[in-house]
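Notebook open, coffee poured. I'm going through the helix packing here and jotting down what I look up as I go.

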Amino acid sequence: MISDGFHQVDLVLLIAVICWALYSVVGKVALQTFSSLTCTTYAVGTGTIMLLPFAIVETSYTELQNTSLLSWGAIIHMSIIVSVISFVMYYQGIKMIGAAKASIFINLMPLSAVILAVVILDEAFTFVHFLGALLVLTGVTIGSRSGSIGNKTTKTTVMADGR
């Protein structure tokens, strides 16, 4: 399960982290001009345009005809709740606490995936999952608290100076 060395997936994960950081920073800049809903609309629209060629190549007309109502429901759920509502909330978080601190909370996604897999899919919850969850929760807690302590100190100093 645990191995040494660098693997291709490591590069993919590194690129994903860099892209998410860029997305958050660009989102913070965009929020200075646009609302959360407008930013999400542009992001979802751009993502749809970028992924559409792959969907066209991978999906046949017959597959679309044979898709069940449950599958269409899952697609609608992913489109509306996961893509739109969650990103509107994420942009609101960026507005409220900043891109750096909001980005820390993205680390909770794998943890929520494991919890849902255990509850819905009856997957086993192993010691490795427990250890990973503990590390993620510790990191998110430390990361989210350390920034707020520094901000409070800065605000107090500014107020003491009368500025």
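**Entry 1: α1 against α4.** I began with this pair: W20, Y23, S24, G27, K28 and L31 in α1 meet F87, Y90, Y91, I94 and K95 in α4. Contact here means heavy atoms within 4.5 Å. I sorted the residues by class and got seven nonpolar, two polar and two charged for the contact of α1 with α4. For the classes I take Ala, Val, Leu, Ile, Met, Phe, Trp, Tyr, Cys and Pro as nonpolar, Asp, Glu, Lys and Arg as charged, and the others, Gly among them, as polar.

Before going on, a note on what I'm looking at: this is a predicted model, where local features need pLDDT of at least 70 and side-chain atom pairs count only at pLDDT 80 or more, while totals for chains, interfaces and linings use all residues. Residues are numbered from 1 along each chain as its sequence is written, and side-chain values use heavy atoms, with hydrogens and water left out.

**Entry 2: geometry of that pair.** The axes of α1 and α4 come within 10 Å and cross at roughly 70°. That makes α1 roughly perpendicular to α4. My labels: under 35 degrees is roughly parallel, over 145 roughly antiparallel, 65 to 115 roughly perpendicular, and the rest oblique. The axes are lines fitted to C-alpha atoms, for helices over the stretch in contact, and the angles run from 0 to 180 degrees between N-to-C directions.

**Entry 3: S24.** I picked one residue of α1 (residues 8-31), namely S24. Is S24 buried or exposed? S24 is buried, as its relative accessible area is 1%. The scale I use: buried is under 20% relative accessible area, exposed over 50%, partly exposed in between, with a 1.4 Å probe and protein chains only. Leaving out residues up to four places away in sequence, S24 touches Y90, I94, A99 and S103.

**Entry 4: α2 against α4.** Next I looked at helix α2 (residues 36-58) and helix α4 (residues 69-97), which pack at an angle of about 130° with axes 9 Å apart. So α2 is oblique to α4. The crossing of α2 and α4 is right-handed, meaning the near helix is turned clockwise from the far one by less than a right angle (anticlockwise would be left-handed). On the α2 side I find S36, L37, C39, T40, A43 and V44, and on the α4 side S83, V84, F87, V88, Y91, Q92 and K95. The contact of α2 with α4 splits into eight nonpolar, four polar and one charged.

**Entry 5: cysteines.** How many disulfides does a search of the whole structure find? Zero, with a disulfide taken as a pair of cysteine sulfur atoms within 2.5 Å. I checked accessibility too: C39 is buried at 5%, and C19 is partly exposed at 44%.

**Entry 6: D122 and S112.** D122 sits in the loop between α6 (108-120) and α7 (127-161). D122 has a positive phi of about 60° although it is not a glycine, and it is exposed, with a relative accessible area of 67%. S112 is in helix α6 and is partly exposed at 36%. I also noted that the C-alpha atoms of S112 and A133 are 9.4 Å apart, with their positions 21 residues apart along the chain.

**Entry 7: the whole chain.** I count seven helices and zero strands, using DSSP runs numbered from the N terminus (helices H or I, at least four residues; strands E, at least two). Of the 163 residues, 13% are buried. Among contacts with a separation of 6 or more, 75% come from residues 24 or more positions apart.
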